[in-house]
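This report describes the fold of one protein and then turns to selected residues, helices and a pocket. The sequence and the structure are shown first.

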Amino acid sequence: MIIYNMNFQEIIKLSKPDLSDSSVKAYDSILKKLNTSNSSTLDFLLNTNNILNEIKENKTTTQQNKLNAIIVALKSNSNKYKQEIIIYQNHFNKLKLAYNEFLNKQEKTDTQNENWITYDELIKMANKFKYKLRDLKNKEELSKAEYEILLFNVILQTHINIPLRNDLPEFQIINEKNYTDDDNNYLVIKNKSNMYFVLNNYKTSKTFGKIIIHVPKKLNNLYNMWFRYNKSKYFITSIQDRSQPITTNNYTKYFNKLFHVYYPSKLISSSMVRHIIITERLKDSPNITQQNEQEKNTINLFQHNGVQNNIYNKII
């Protein structure tokens, strides 16, 4: 029988060893907040009605994340918590089904509707921030406010051109000749005109593995300017202590602050920016309903499933 000392991270890793570090930390945070009674075991999750009532006001995706954390933790002792796992899993499945039906409509959520800006507005804002760099280029040192302007530009231009999740605070800067680590995330510098991000630890790393993303040439000047003033080994630093990385939680707040400069009534996250950019890139593509209808018509016409039709399709 497992004895818990309420080290949720150990419990989560025991239950699901292949879970990414970022997900382990997220689940750990969720479970700590749910454990309001400071229980020394996972028995605080036994009252399923109370837990489900507590999370029901959250957004659907947040509820799903919390249920995932609960289910993973309980599966570390599946014999003891068998019934609770079934209850939480059934509720998760209902939420997932309803949410997938909503996603297939490709409509914005209420939160997205309230906070959405267009791609053109995003680029216009980025250009305004970029214009502020003109007075900084020849300075030996930057004040806190000036350093913040430069950091704003690095964050914004990176997310526009390389729309990552909130992974940037985890990136370290390293020269290519010193790069040997396949466990952490890095911005690898070969020279001033050749850099690339290496993603080893991210939300879907167990599915897609190590990913290399080359830095677009149009970001080289900005990054080289950033490295003149950022002397740390971290790609994104704290404003208060430039030698230290910014925490993921503070990065989210900082990202919101960045957009408040021009959109004070909106709450825009890195996830929102990813949605805005993808929407722009796929604006001329068929939507999901149209794709499904096209697929159905093709299957009916050729009496093949979709995979076989793709095999028949030749590149010319």
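The protein has 14 helices and four strands. The model is a predicted one. Of its 316 residues, 40% are buried. Among contacts between residues at least 6 apart in sequence, 61% join residues at least 24 apart.

**Three individual residues**

The table sets out the location and relative accessibility of three residues.

| Residue | Location | Relative accessibility |
|---|---|---|
| Histidine 159 | helix 8 (residues 144-161) | 1%, buried |
| Tyrosine 186 | strand 2 (residues 185-191) | 7%, buried |
| Asparagine 38 | loop between helix 2 (21-34) and helix 3 | 67%, exposed |

Histidine 159 belongs to helix 8. The residue counts as buried because its relative accessible area is 1%, and the cut-off for that class is under 20%. Its side chain takes part in a polar contact of 2.7 Å with the side chain of tyrosine 251. A polar atom of the histidine 159 side chain also lies 3.4 Å from the backbone oxygen of leucine 164. Both of these partners appear among the residues that histidine 159 touches beyond four places in sequence, which are Leu164, Arg165, Leu168, Tyr251, Phe255, Ser270, Val273 and Ile277.

Tyrosine 186, in strand 2, is likewise buried, at 7% relative accessibility. Beyond its neighbours within four places in sequence, tyrosine 186 is in contact with Phe171, Gln172, Ile174, Tyr179, Asp181, Tyr196, Phe197 and Val198. The C-alpha atoms of tyrosine 186 and glutamate 170 are 8.0 Å apart, with a separation of 16 residues in sequence.

Asparagine 38 lies in the loop that joins helix 2 to helix 3. With a relative accessibility of 67%, asparagine 38 is classed as exposed, since the cut-off for that class is over 50%. Although asparagine 38 is not a glycine, its phi is positive, at about 55°.

**Helix 3 and helix 10**

Helix 3 covers residues 48-55, and its buried residues are Thr48, Ile51, Leu52 and Ile55. Viewed down the axis of helix 3, these buried residues fall within an arc of 95°, and therefore they line one face of the helix.

How much of helix 10 is buried? Seven of its 10 residues are, so helix 10 is largely enclosed by the rest of the structure. The buried residues are Asn220, Leu222, Tyr223, Met225, Trp226, Phe227 and Tyr229. The elements that cover them include helix 8, strand 1 (171-175), strand 2 and strand 3 (194-199). Helix 8 is the helix that holds histidine 159, and strand 2 is the strand that holds tyrosine 186.

**The second largest pocket**

The second largest pocket contains about 440 Å³ of space. Its lining is made up of 20 residues, of which Lys130, Leu133, Gln157, Lys218 and Leu222 are the closest to the centre of the pocket. Two or more lining residues come from each of helix 7 (119-131), helix 8 and helix 10 (220-229). Helix 7 makes the greatest contribution, with six residues. By character, the lining of this pocket divides into nine nonpolar, six polar and five charged residues. Leu222, named above for its position by the pocket centre, is also one of the buried residues of helix 10.

Methods. Residues numbered from 1 in each chain as written. Predicted model: local features only at pLDDT ≥ 70, side-chain atom pairs only at ≥ 80, totals over all residues. Heavy atoms only, no water. Buried < 20%, exposed > 50% of the residue type's maximum accessible area, 1.4 Å probe, protein only. Polar contact = N/O pair within 3.5 Å; in protein donor to acceptor, adjacent residues only side chain to side chain. Contact = heavy atoms within 4.5 Å. 1 Å grid on protein atoms, 1.4 Å probe; cavity = no way out; pocket = protein on both sides within 12 Å on 5 of 7 lines; lining within 4 Å. Points joined across faces, edges and corners; volume = space filled by probe spheres on them. Nonpolar A, V, L, I, M, F, W, Y, C, P; charged D, E, K, R; others polar. Arc of directions from axis to C-beta.
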